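Reader: I am new to this one. Please walk me through it.

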Amino acid sequence: MLDSLAIAIGMVHIAAAIALLNGVTTTFGQAKIAAQAIESIARQPEAADSIRTAMFIGLALAETSGIYGLLIAIIMLFANPLVGTLVKLIESTL
Amino acid sequence: MYTMIVFSAQALPEGRVFGLDTQTLIGIGIQLLNGIILAVALGFILYKPVKEFMQRRTERIRSKINEADAAMAKANELIAEYERKIKEINKERLAILEAANLEVAEERKRILDEARKEADEIRKRALEKIAEDKKHLEKETRLYIIEVASLMAQKYIAQSMDAETQERLFEEALAQLEAAQWQN
Amino acid sequence: MDLNIDNLLVIKIAGVEIWITETIFNTWLIMLLLVALAVVARIKLRRFKEVPTGFQNVIEAAVELFDNFAVDTLGEKLSYIAPWFFMVFSFILSSAWLSIFGMRAPTADWVTTFALALATFILMIFMGFKHRRGNYLQSLFEPHPIFFPLNLIGELAKPVSLSFRLFGNMLSGTIILTLYYALTPRFVQFGIPALLHGFFDILIGSLQTYIFVIVSLMYIKSAAE
């Protein structure tokens with residue numbers, strides 16, 4: 001029974017790591033936004049302020065998926081309902 | 001800092017990073033209430049008075065600038081008026097000067113004319129007098145010449161001439177004198 | 001290694017347990033500081049001069065900068081909700097700065113960020129109905145009624161993504177700093193963490209504050225217009 005709990009906790013950590021992998025694509029998208037914004041500012045320095053504002057908003061919105069990944073990882077690590085159920089099950093059998 | 005409180009409170013539930021249960025809901029409610037209290041406090045204590053203060057100041061400065069502008073406009077108007085007055089005065093002065101010049105010129109002309117007239121009269125009078133004198137002198141001279149000639153002729157006639165010749169000669173001389181008088 | 005948000009006190013009101021957590025305690029601390037600052041500013045306001053100097057300059061710059069920012073983003077018509085976001089701005093910023101002193105930032109708890117995002121969501125709906133009336137509801141059925149579930153989920157995801165963005169950023173800073181303090185020997189815990197605090201608390205904190213407020217304002221503006 002404890003083996004299954006250990007396996008479950010290990011799997012949860014691996015799953016959290018996989019959930020955090022979407023940071024790769026998020027970072028890629030954010031890098032693209034920043035690069036485009038810098039290109040635009042270089043092309044039109046007089047519109048730098050509005051481009052910077054739009055860039056920050058774009059970065060924030062692109063970050064959302066990365067944040068969701070972090071959220072899933074956090075829920076799995078700290079508030080996983082399945083692990084709680086398993087712990088209760090083991091306690092009842094012991 | 002927290003240790004005192006933690007030690008004093010027994011049987012505390014264990015902490016966590018993230019959870020979804022009633023306590024989370026209660027926490028959200030408390031935080032919402034805290035936020036509203038803080039927003040009201042900050043809004044009424046800090047944000048509004050400072051904003052109003054700055055607005056009032058902006059208005060004050062704007063009114064001051066407007067006042068200064070109005071004063072400037074007034075001053076400019078005054079300057080324009082004074083300039084206009086100065087121009088008028090100059091014009092008047094010129095007019096007066098011109099009138100005076102004109103008057104002077106007229107006066108001069110008049111005086112000159114009078115003087116000329118007077119001089120002309122004086123000359124005329126003098127000329128008249130001269131002519132009179134001349135006439136008088138001529139008359140005297142002629143009378144004298146006649147006297148002398150008649151005397152000479154008397155003497156001559158008395159010496160060498162008869163009565164007939166004497167008369168002829170006398171006639172001739174008289175005629176000659178008359179002709180001379182005519183020529184004059 | 002202590003990532004958990006500790007409970008400091010349990011109060012029972014009418015049979016309901018209320019946990020006074022570290023987050024709530026730190027929130028009260030920040031509220032106290034901000035209100036004290038505001039009261040000091042208010043007392044000094046009576047002696048504010050025509051030509052600002054020193055402390056007056058700081059207060060005026062903060063209020064004016066934020067006011068201009070809110071009016072630029074929202075427009076003159078909707079800018080009457082600026083005081084709420086002034087509070088949000090100063091609260092998130094000061095809570096990020098609180099974690100410099102080794103305390104847990106209130107914004108590193110989902111409870112706080114979701115409360116703020118929920119307020120934004122409520123304001124958004126309220127402003128949408130107030131300024132657009134029926135058109136706001138109708139905009140959920142556009143471009144076709146079939147899109148209604150999608151639009152509804154999109155609307156409901158707004159407070160969630162808003163709160164988790166701030167929470168994730170602040171928590172990641174907290175996690176990294178906690179790991180650093182827990183895993184390194186004591187003699188490198190002086191000086192070097194200043195850089196980490198500078199990056200995670202000041203830089204990321206200020207950026208996330210700005211993003212939280214501007215994204216909230218954008219949501220409200222798009223709902224109200």
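Author: Short questions and answers on the chains and their contacts follow.

Reader: What scores does the model have for ipTM and pTM?

Author: This is a predicted model. Two scores come with the model as a whole. They are ipTM 0.86 and pTM 0.72.

Reader: What pattern does chain B follow along the sequence?

Author: Chain B has zero strands. Its helices number three. Read along the sequence, the pattern is therefore α-α-α.

Reader: What percentage of the residues in chain B are buried?

Author: A residue counts as buried if 20 or more other C-beta atoms lie within 10 Å of its own. Chain B has 184 residues. The buried share is 7%.

Reader: Which helix of chain B supplies the largest share of the side that touches chain C?

Author: On chain B, 34 residues are in contact with 42 residues of chain C. Helix 1 (3-8) and helix 2 (22-160) each supply at least two residues of that side of chain B. The largest share is 24 residues, and it comes from helix 2.

Reader: How many residues of that side of chain B are nonpolar?

Author: Sort the side of chain B that touches chain C by class. Three residues are charged and eight are polar. The nonpolar residues number 23.

Reader: And chain A: how many nonpolar residues are on its side that touches chain C?

Author: Nine residues of chain A are in contact with ten residues of chain C. On this side of chain A, one residue is polar and one is charged. The nonpolar count is seven.

Reader: What is the mean pLDDT of chain C?

Author: pLDDT runs from 0 to 100. In chain C, 97% of the residues reach 70 or more. The mean is 85.

Notes:
Residues numbered from 1 in each chain as written. Chains lettered and ligands numbered in written order. Predicted model: local features only at pLDDT ≥ 70, side-chain atom pairs only at ≥ 80, totals over all residues. Contact = placed C-beta atoms within 7 Å. Nonpolar A, V, L, I, M, F, W, Y, C, P; charged D, E, K, R; others polar. Helix = DSSP H or I, 4+ residues; strand = E, 2+ residues; numbered from the N terminus. Buried ≥ 20, exposed ≤ 12 C-beta atoms within 10 Å, placed from the backbone. pLDDT = per-residue confidence, 0-100.
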